[in-house]
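User: Could you take a close look at one part of this protein for me? I would like to understand how its open sheet is put together, and then hear about the cysteines.

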Amino acid sequence: DALIDDLLARTDIVELIGARGPLKRQGREYSARCPFHDERSPSFTVSPVKQFYHCFGCGAHGSAIKFLMEYDRLEFLDAVEELAKQAGLEVPRETRQQHRRGEFEELYGACTAASEYFRAQLAASPRAAAYLDRRGVDAEQRPRFAIGYAPRGWGALKNALGGEPRRLALLDRVGLLSRNDAGRVYDKFRDRVIFPIHDRRGRVIAFGGRVLEKDDSPKYLNSPETPLFHKGRELYGLWQVRQAHAKIPRIVVVEERMQ
C-alpha cells in the first residue's frame, strides 16, 4: 500500500493520459472524449489535483493504475510495475526473485531477437510469402501477428543469434534449439511459417511453426514448455484481441483444420 501511494503521488495523471490522447484544459481540470466508449461531446474529465479520471457518460473512474489496466489492458501488477519504471522506483522483491527477474529479461530478449529474425527471413523469402498469400494471410495481417519464416538448414537461427555460449544457452532455454542423440545442437524450427506466441503484455514467449509443403511432417510444431511458456496458461492471439477491443464481450475459441 505504501508503494502504491508513493507511485500515485509521483505520477502526473494528466501527463499519463495525455500521452495516449489529446486533453483540453477547462479551469482546474482537463477534458476529452472518453477513450472507453464512443461519444460526440466530451464527458471525460481528468483532475490533476485529485489525481483521478471520471467519465460522466459511461462511469469509468479511477487512478493512474486503473487507467493503465483499462486502456493499456494490463493486469494490476503489470500496471504497478509500469508506473514504477516511469517513476524510477523498484518494486520490492526478495533477492532471489530479483535475480530471477533479470534472468527472465534475458529470456524475453532471446525470444524477441528470434521473432525479429524470423520476420526478416519472411521478407526475404518469396516462397514463404507466396504460401501466406495462398492461405489468405495478407500483408496487413502479417505484422499484426509478427508472422515470420524459419529458413531451411539446420543452423540458420543458431548461427545468426547464438554466436557465443551464453546466447546459445538462452536460445536453448526458450525452446528454439534441439539436440540429437549424438549431442548435435540444431534449429528446432526449419522451413516453417512462424507464429510467435505473445503473453498478456505483448511479449514473445514461444513460437508455433507450420510446414509449407503438405507432405512434410509434423504439420505443426510448437515450442516446448519453458520458464516463460506454459501452454495451459496461454491463448494464442489474445493479446492482439485485447489491443483491438477495450472490452471483450465474449471470445470464441476454434480450431481450424488447415489442409
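Analyst: Here is a walk through the sheet, followed by the cysteines. Please keep in mind that this is a predicted model.

Let's start with the sheet. Its 4 strands are arranged in the order β6-β9-β10-β11, and the sheet is open, with antiparallel pairing. The edges are taken by β6 (148–150) and β11 (220–222); each has a single partner strand, so one side of each is left without a neighbour in the sheet. Going from one strand to the next, the twist averages 35 degrees. As background, strands of a sheet pair through backbone hydrogen bonds, either parallel or antiparallel.

Now to one pairing within this sheet. Strand β9, residues 192–198, runs antiparallel to strand β10, residues 204–211, and 7 bridges join the two. If you want a spot to click on, try Val193: its bridge partner in β10 is Arg210.

On to the cysteines. The structure holds 0 disulfides. Cys55 is in none, and the nearest cysteine sulfur to its own belongs to Cys34, 3.6 Å away. A disulfide would need the two sulfur atoms within 2.5 Å. Cys58 tells a similar story: the closest cysteine sulfur, in Cys55, is 3.7 Å from the sulfur of Cys58, which is too far for a bond. As for their surroundings, Cys55 is buried, with a relative accessible area of 1%, whereas Cys58 is partly exposed, with a relative accessible area of 38%.

Technical notes
Residues are numbered from 1 along each chain as its sequence is written. This is a predicted model: local features need pLDDT of at least 70, side-chain atom pairs count only at pLDDT 80 or more; totals for chains, interfaces and linings use all residues. Side-chain values use heavy atoms; hydrogens and water are left out. Two strands pair if DSSP finds at least two bridges between them. Axes are lines fitted to C-alpha atoms, for helices over the stretch in contact, and angles run from 0 to 180 degrees between N-to-C directions. Buried means under 20% relative accessible area, exposed over 50%, partly exposed in between (1.4 Å probe, protein chains only).
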